Amino acid sequence: MNYLSVENVSKSYGTKVLFNKISFGLNQGDRIALIAKNGAGKSTLLKVLMGKEIADEGSVTFRKDIVVTYLDQNPAFDESSTVLEAIYKTDNAMLNAVRDYEEALHAFEKDYNDKTSDRLELCSAQMDKLEAWGFEAKVQEILQRLKIAFLDKQISTLSGGQKKRVALAKVLIDEPHLLILDEPTNHLDVEMIEWLENYLVSKDMTLLLVTHDRYFLDSVCTEIIEIDNGKLHHYIGNFQYYVEKKAERESMENSEIDKAKNLFRRELEWVRKMPKARGTKAKYRVDQFEVTKDKAFSKQTEEKLALGVKMSRIGGKILEFVKIKKAFGPTKIVNDFSYIFKKGEKIGVIGKNGVGKSTFLNMIMGLEQADAGTITSGETIVFGYYSQEGLKLVEDKRVIEVVKDIAEFIPLADGSKLSASGLLTKFLFPPDVQYGYVSKLSGGERRRLYLMTILIKNPNFLILDEPTNDLDIVTLSVLEDFLTNFQGCVLIVTHDRYFMDKMVDHLFVFEGEGVVRDFPGNYTEYRDKKDQEEKNQRKEDSVSSKVESFEVPVIVETPKEIDVLPNKKKLSYKEKQEFDQLEKEIAKLEEEKSKISDLLNAGSDNHEDAVKWSSEIGSIISKLDEKSLRWLELSEGM
């Protein structure tokens with residue numbers, strides 16, 4: 001079943017052609033990744049599909065009876081609304097029922113009275129009618145997995161990352177037929193990304209997505225479409241297959257262009273010799289000459305990003321942590337952390353969002369002060385800090401002025417110097433972009449410019465906080481090559497597992513409560529180790545549980561007429577008091593158990609009540625067992 005047809009769509013900005021007469025389609029069940037260089041028009045194409053941008057020509061047709069949902073790279077909300085209102089703003093009847101129920105439940109818990117009770121009863125009845133309880137459970141799972149527990153907060157108070165997670169939750173909850181996602185993994189921690197991978201695949205959703213995360217792409221997508229020099233190329237397979245086939249295609253195109261150039265030189269000589277009055281046969285040859293000419297000069301010069309700036313000399317002492325402590329109230333970031341960095345180390349920093357990774361980096365840079373301990377850096381150390389927030393750019397400033405504010409000339413690794421304009425060219429900013437305004441740059445181009453401003457300061461210790469966000473796959477490959485050959489130290493916080501696996505020697509794992517574990521290996525090795533540890537723990541728990549539940553009967557044969565009962569030990573005054581108290585407590589617990597059992601047997605429209613009662617009765621039974629055993633012990637002395 002066809003969901004989307006794109007036919008001969010073109011889009012340009014001035015003289016810059018983003019894509020020219022491209023066509024493709026999506027059928028039900030397709031999961032397609034769209035990739036291209038920064039500034040090549042990925043996000044623009046998605047906006048054209050959604051009607052947020054107007055194409056210069058061509059048509060976009062969606063199947064009429066399907067629901068299409070779009071996750072923007074920078075989602076926009078009504079800033080005055082709450083998170084709850086933003087998520088549940090929809091025409092979906094079942095979702096509206098869940099929203100009404102959640103609001104009624106919240107009001108009932110806040111202010112119990114007849115009005116709130118009646119409202120909750122009505123909403124519960126609507127949930128029953130639509131059979132929405134399962135859907136409500138799915139909503140709760142999505143919110144929990146994306147760690148959205150701030151439903152009462154106003155959108156205007158959220159960070160960019162929190163807004164992106166709210167927007168992602170909303171599009172997943174909407175359950176559309178076709179889901180269009182622009183960089184869905186940005187601002188998610190690794191645990192969330194791995195959950196999202198499994199969720200999208202298990203739900204068998206129809207997808208068109210833009211992503212730079214190569215592991216995510218391989219796990220989720222079965223096809224790749226690429227915009228390259230304004231044209232669209234289609235590949236059926238994973239990322240590795242795409243890399244191989246792209247190389248084959250480019251090699252074949254180069255061979256055809258070389259042949260056309262040779263033919264063009266021969267035909268050019270003939271055209272120059274031919275008289276103006278030509279016959280039909282000669283005119284046909286001239287027309288073919290024009291076709292050959294277009295083919296011979298069709299190849300655009302493939303500029304390569306060059307990260308070849310000079311690195312400052314690095315001395316013996318680099319960076320040392322001694323018993324560092326940092327906390328925000330009761331939340332511990334690091335506790336008694338010590339480490340001495342060595343030359344050439346490349347360390348990954350991983351942990352859940354909010355566990356303190358960025359705070360850790362800020363302490364190195366002196367932007368946050370440790371509560372205790374010392375952080376000492378060597379005299380020769382020059383830090384280059386690529387922060388998650390990015391460079392604060394003045395929108396009406398020209399791109400070249402941003403660089404000149406730092407330096408007019410930049411020393412390179414080979415000892416030569418380069419002008420600001422020359423360096424921008426090496427970073428794939430052509431002259432027309434250099435003298436254009438910052439406001440015209442795409443998100444990826446801004447990040448590339450920011451990376452350049454870090455590197456031209458010649459750092460020998462790079463601190464990279466989420467460097468992969470918004471960078472295209474080509475730029476990431478070049479950055480990986482640069483870091484591989486970088487002789488200084490590198491500290492990386494990233495959710496991009498492919499990037500981390502390729503770059504790091506070992507990991508600082510932030511496990512919470514101030515614990516930082518030094519793991520010798522990359523992310524995949526750490527994940528495999530963790531999975532094995534969890535598997536072993538489950539096995540141990542299972543064996544332990546079986547041993548506890550298996551009781552061996554003990555049969556003791558005693559000769560008749562022999563009193564084998566031991567002498568009873570009389571209770572102390574304190575134990576007698578305990579015995580009397582236990583009888584009262586056991587009676588009270590039995591009464592509570594009976595009441596809750598009656599409630600469970602009667603049932604409830606609110607599944608949360610059932611969960612709560614089940615938890616309570618479990619706790620009561622546990623207490624009863626404990627107190628009954630103690631009562632039996634003491635009763636032997638009565």
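Rings of Phe, Tyr and Trp (its six-membered ring) pair if their centres lie within 6.5 Å; planes under 30 degrees apart count as stacked, over 60 as edge-to-face and the rest as tilted. By that rule, ring pairs link F321, F337, Y339, F341, F360, F383, F461, F508 and F510 into a cluster.

This is a predicted model, in which local features need pLDDT of at least 70 and side-chain atom pairs count only at pLDDT 80 or more, while totals for chains, interfaces and linings use all residues. Residues are numbered from 1 along each chain as its sequence is written, and side-chain values use heavy atoms, with hydrogens and water left out.

**Overall build**

The protein has 20 helices and 20 strands. Both are DSSP runs numbered from the N terminus: helices are H or I with at least four residues, strands are E with at least two. Of its 638 residues, 43% are buried. Buried means under 20% relative accessible area, exposed over 50%, and partly exposed in between (1.4 Å probe, protein chains only). About 35,100 Å² of the protein is exposed, and carbon and sulfur atoms supply 50% of that area. Accessible areas come from the Shrake-Rupley method with a 1.4 Å probe; for residues, only the protein chains shown count as cover.

Contact means heavy atoms within 4.5 Å. Take the contacts between residues at least 6 apart in sequence: 68% of them join residues at least 24 apart.

**Aromatic pairs**

The structure holds 21 aromatic pairs. In one of them, the ring centres of F337 and F360 are 5.7 Å apart and the planes stand at 80°, so the pair is edge-to-face. The pair links distant parts of the chain: F337 lies in strand β11 (residues 331-340) and F360 in helix α11 (residues 357-364), 23 residues apart. Both F337 and F360 are buried.

A charge also meets a ring. The charged end of R448 sits over the ring of F429, 4.9 Å from its centre. That label requires NZ of Lys or CZ of Arg within 6 Å of the ring centre and within 35 degrees of the ring normal.

**Nonpolar cores**

A nonpolar core is a set of buried Ala, Val, Leu, Ile, Met, Phe, Trp, Tyr and Cys residues joined through side-chain atoms within 4.5 Å. The largest one has 57 residues, and L146, I148, L172 and L200 touch the most other members. Helix α6 (residues 160-173) gives the largest share of this core, 7 residues. Apart from it lies another core, of 46 residues, among them I410, I456, L476 and F482.

Back in the largest core, L146 has contacts beyond four places in sequence with R165, L168, A169, L188, M192 and W195.

**Polar contacts of three residues**

A polar contact is a pair of N or O atoms within 3.5 Å; within protein, one must be able to donate a hydrogen and the other to accept it, and residues adjacent in sequence count only if both atoms are side-chain atoms.

| Residue | Partner | Distance |
|---|---|---|
| S5 side chain | N2 side chain | 3.0 Å |
| S81 side chain | D78 backbone oxygen | 2.8 Å |
| H495 side chain | E466 side chain | 2.9 Å |

S5 sits in strand β1 (residues 2-13). Beyond four places in sequence, S5 touches F24, G25, S59, V60 and T61. S5 and R63 are 58 residues apart in sequence, yet their C-alpha atoms are 8.5 Å apart in space.

S81 is in the loop between β5 (68-71) and α2 (83-87). S81 counts as buried because its relative accessibility is 11%. Setting aside neighbours within four places, S81 contacts A86, K153, Q154 and I155.

H495 belongs to the loop between β18 (489-493) and α17 (497-503). H495 is buried, with a relative accessible area of 1%. Outside four places in sequence, its contacts include T185, N186, H187, H212, D213, E466 and T468.

**Positive phi**

Most residues other than glycine have a negative phi. N458 has a positive one, near 55°. N458 lies in the loop between α15 (443-455) and β17 (461-465) and is buried at 13% relative accessible area.

D470 also has a positive phi, near 75°. The loop between β17 and α16 (473-485) holds D470. With 17% relative accessibility, D470 counts as buried.
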